[in-house]
Amino acid sequence: MDKAKKQEIISTFARSEKDTGSTEVQVAILTERINHLTEHLKLNKADKHSRRGMMQLVGQRKGLLKYLEQEDITRYRELKKKLNLR
């Protein structure tokens, strides 16, 4: 992911002007990385190292989503809707 794409994600999901590390921003960045790795793995089926890295990212995102769900259910639902997560 290049710098411009990351800045675009941060500006879209930031809760305030200087926000770069809120749960929403972290989940959005992880989702972008997971989507990128998913496309990579469709072409490179034997790449087990990247698959393991992607699964770690999925687990990290799951933990952040669980935290957000416990803290503020409305923000959690809005984020899942924006990112089209099940």
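Tutor: Before we start, helices here are DSSP runs of H or I with at least four residues, strands are E runs with at least two, and both are numbered from the N terminus. Keep in mind that this is a predicted model.

Student: Okay, in what order do the elements of the chain run from the N terminus on?

Tutor: Count what's there to begin with: the chain has four helices and zero strands. With zero strands in the chain, every letter in the order is an α. Read from the N terminus on, the elements go α-α-α-α.

Student: Since it's predicted, which element of the chain has the lowest mean pLDDT?

Tutor: The chain as a whole has a mean pLDDT of 94, with 100% of its residues at 70 or more. Among the elements, helix 3 has the highest mean, 97. At the bottom, with a mean of 93, is helix 1.

Student: How far apart are the end C-alpha atoms of helix 2?

Tutor: Helix 2 covers residues 23-43, which makes 21 residues. The expected span is 1.5 Å times one less than the number of residues. That gives 30 Å for helix 2, and the model agrees, because the end C-alpha atoms are separated by 31 Å.

Student: Which helices do the buried residues of helix 2 pack against?

Tutor: Buried means under 20% relative accessible area. In helix 2 the residues that count as buried include V25, V27, I29, L30, I34, L37 and L41. The helices that the buried residues of helix 2 pack against are helix 1 (3-13), helix 3 (48-71) and helix 4 (73-83).

Student: And which element gives the most to the largest nonpolar core?

Tutor: That core has 20 residues, and F13, V27, L65, L79 and L83 have the most contacts inside it. Helix 1, helix 2, helix 3 and helix 4 each give two or more residues. With eight residues, the top contributor is helix 2.

Student: Let's zoom in on V27: which residues does it touch, not counting those up to four places away in sequence?

Tutor: V27 is one of the buried residues of helix 2, and also one of those with the most contacts inside the largest core. Two of the other residues in that most-contacts group, L65 and L79, turn up among its partners. The full set for V27 is R61, L64, L65, L79 and L83.

Student: Do the buried residues of helix 1 line one face or opposite faces, and within what arc do they fall?

Tutor: The buried residues of helix 1 are I9, I10 and F13. Looking down the helix axis, they sit within a limited arc, so they line one face. K3, A4 and S11 are exposed on the other side, while the cover over the buried residues includes helix 2 and helix 4. As for the arc, it's 100°.

Student: How many residues apart in sequence are the parts that the R75 and E24 pair ties together?

Tutor: R75 and E24 form a salt bridge, with their closest N and O atoms 2.6 Å apart. R75 belongs to helix 4 and E24 to helix 2, so the pair ties those parts together across a sequence separation of 51 residues.

Student: Which residues are linked in a network of salt bridges?

Tutor: R75 bridges to E24, and R75 also meets D72 in a salt bridge at 4.0 Å, N to O. E24 counts as buried because its relative accessibility is 8%, whereas D72 is partly exposed at 23%. The linked residues are E24, D72 and R75.

Student: How far apart are the closest N and O atoms of K42 and E39?

Tutor: Both residues lie in helix 2, three places apart, about one turn of the helix. An α-helix has 3.6 residues a turn, so residues three or four places apart point the same way. K42 is exposed at 51% and E39 partly exposed at 46%. Their closest N and O atoms are separated by 3.4 Å.

Student: Last one: leaving aside neighbours within four places in sequence, which residues is L85 in contact with?

Tutor: L85 sits in the segment after helix 4. One partner is K80 of helix 4, which counts as buried because its relative accessibility is 18%; K80 in turn is in contact with L85 and R86. The contacts of L85 are T31, R61, L65 and K80.

Methods:
Residues are numbered from 1 along each chain as its sequence is written. This is a predicted model: local features need pLDDT of at least 70, side-chain atom pairs count only at pLDDT 80 or more; totals for chains, interfaces and linings use all residues. Side-chain values use heavy atoms; hydrogens and water are left out. Buried means under 20% relative accessible area, exposed over 50%, partly exposed in between (1.4 Å probe, protein chains only). Contact means heavy atoms within 4.5 Å. A salt bridge is a side-chain nitrogen of Lys or Arg within 4 Å of a carboxyl oxygen of Asp or Glu. pLDDT is the predictor's confidence in each residue, from 0 to 100. A nonpolar core is a set of buried Ala, Val, Leu, Ile, Met, Phe, Trp, Tyr and Cys residues joined through side-chain atoms within 4.5 Å. The arc is that of the directions from the helix axis to the C-beta atoms.
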